[in-house]
Amino acid sequence: MTKKLKMLAIFPHPDDSAIFAGASLNKWVREGHMVSAVCCTDGEVGTLRSDLTKEEVSRIRKNELLAANKILGIENPEMLHHPDGGVMDVTELRKDLFRCVRKYKPDRVISMDPWAKYEIHPDHQEVGRMGAEAAAFAGFPLLYPEQLNDEIQPHFASEVWFMGMLGHAPNCYVDVSSTIGKKVEAVLQFETTMSIISDLFGLEINQKSITRDDEKLIKSTDEWVRARAEQIGKHAGLKAAEAFYIQKCLPGHFNNLQPSTEAFTGKQVESPLIC
Ligand SMILES: [Zn+2]
């Protein structure tokens, strides 16, 4: 029997977990792994509408996230309320994410690839980097010792799974052909995201009247999510896939010593993992 893992998804914005890894997260939940989630911002600037306040957008996006997670089978996320749009206090974020890794004690952290070429979003860069640092450093008890108590204990994650878009170079493809429908359903919960998708597709829908019942939008979102999974799957001979770059952790480092030693000794470089 495969070992049941504790996983912690650390995302910048409410829609990121569904968009980047929704089908994989749902697959892992179905396989019996424990998946927890942390959302670092309320996503309060994630709309093209100017008739809403940040408070209104926060409220909408939080509800959207709860609805999407329900579909994916993920428990309610912990919200960290850092500001959306690139003005995060990185030191505070790092501290918060150390606490989360110490609290949830994950084997696997899933987050954004902060080193992906052409990743311009500062929230994605900072959350990915601090999530990875927390995975590799939260086991050192002398860092933020004031956090420690009976439940919050030093903990190193075993691995970080990074996600990204353009410029992301994966070494793992997850077969999501059985869960891609759930991903579509989850992505469709985000009306605020759909306003951006409608702009991307040139659908000429009035931004103020966008609803998740809009058939044109449902069709485009469905096609967009499936086409992207199909495109990624082609690299691994799969019908539908999500892609990750896995880094194994050592305390304070990624374990690149083993693959580099193997490359040095002439051992063939491993082909991407398909799972
Ligand atoms: Zn995002």
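**Group meeting talk: a zinc site, salt bridges and aromatic rings**

Let me begin with one contact, in which the side chains of Lys 183 and Glu 242 meet in a salt bridge at 2.6 Å, N to O, the term meaning a side-chain nitrogen of Lys or Arg within 4 Å of a carboxyl oxygen of Asp or Glu. Lys 183 lies in helix α5 and Glu 242 in strand β7 (residues 241-250), so this pair ties together parts that are 59 residues apart in sequence; helices (H or I, at least four residues) and strands (E, at least two) are DSSP runs, numbered from the N terminus. Lys 183 is buried, with a relative accessible area of 9%, and Glu 242 is buried as well, at 3%, where buried means under 20% relative accessible area, exposed over 50% and partly exposed in between, with a 1.4 Å probe and protein chains only.

Before going on, please keep in mind that this is a predicted model, in which local features need pLDDT of at least 70 and side-chain atom pairs count only at pLDDT 80 or more, while totals for chains, interfaces and linings use all residues. Residues are numbered from 1 along each chain as its sequence is written, and side-chain values use heavy atoms, with hydrogens and water left out.

A search of the whole structure finds 14 salt bridges. One of them joins the side chains of Glu 133 and Arg 94 at 2.7 Å, N to O, and this pair links distant parts of the chain, with Glu 133 in helix α4 and Arg 94 in helix α3 (residues 90-104), 39 residues apart. Arg 94 counts as buried, at 17% relative accessibility. Another salt bridge joins Glu 185 and Lys 182 at 3.8 Å, N to O, and here both residues lie in helix α5 (residues 180-187), three residues apart, about one turn of the helix. As a general point, an α-helix has 3.6 residues a turn, so residues three or four places apart point the same way. Glu 185 is partly exposed, at 37% relative accessible area, and Lys 182 is also partly exposed, at 29%.

Which protein atoms are the donors of the zinc ion? They are His 13 (ND1), Asp 16 (OD), Asp 16 (OD) and His 124 (NE2), lying 2.1 to 2.4 Å from the ion; donors are N, O and S atoms within 2.8 Å of the metal (3.2 Å for Na, K and Ca), and because water is not among the atoms, sites may look incomplete. Asp 16 lies in helix α1 (residues 16-30) and His 124 in helix α4 (residues 122-137), so the pair ties together parts that are 108 residues apart in sequence. Asp 16 is buried at 4% relative accessible area, and His 124 is buried at 6%.

Finally, the aromatic rings, where rings of Phe, Tyr and Trp (its six-membered ring) pair if their centres lie within 6.5 Å, with planes under 30 degrees apart counted as stacked, over 60 as edge-to-face and the rest as tilted. By this rule the count comes to nine aromatic pairs. The rings of Trp 28 and Trp 161 have centres 5.2 Å apart and planes at 90 degrees, so this pair is edge-to-face. Both of these Trp residues are buried, and ring pairs link Trp 28, Trp 161 and Phe 244 into a cluster.
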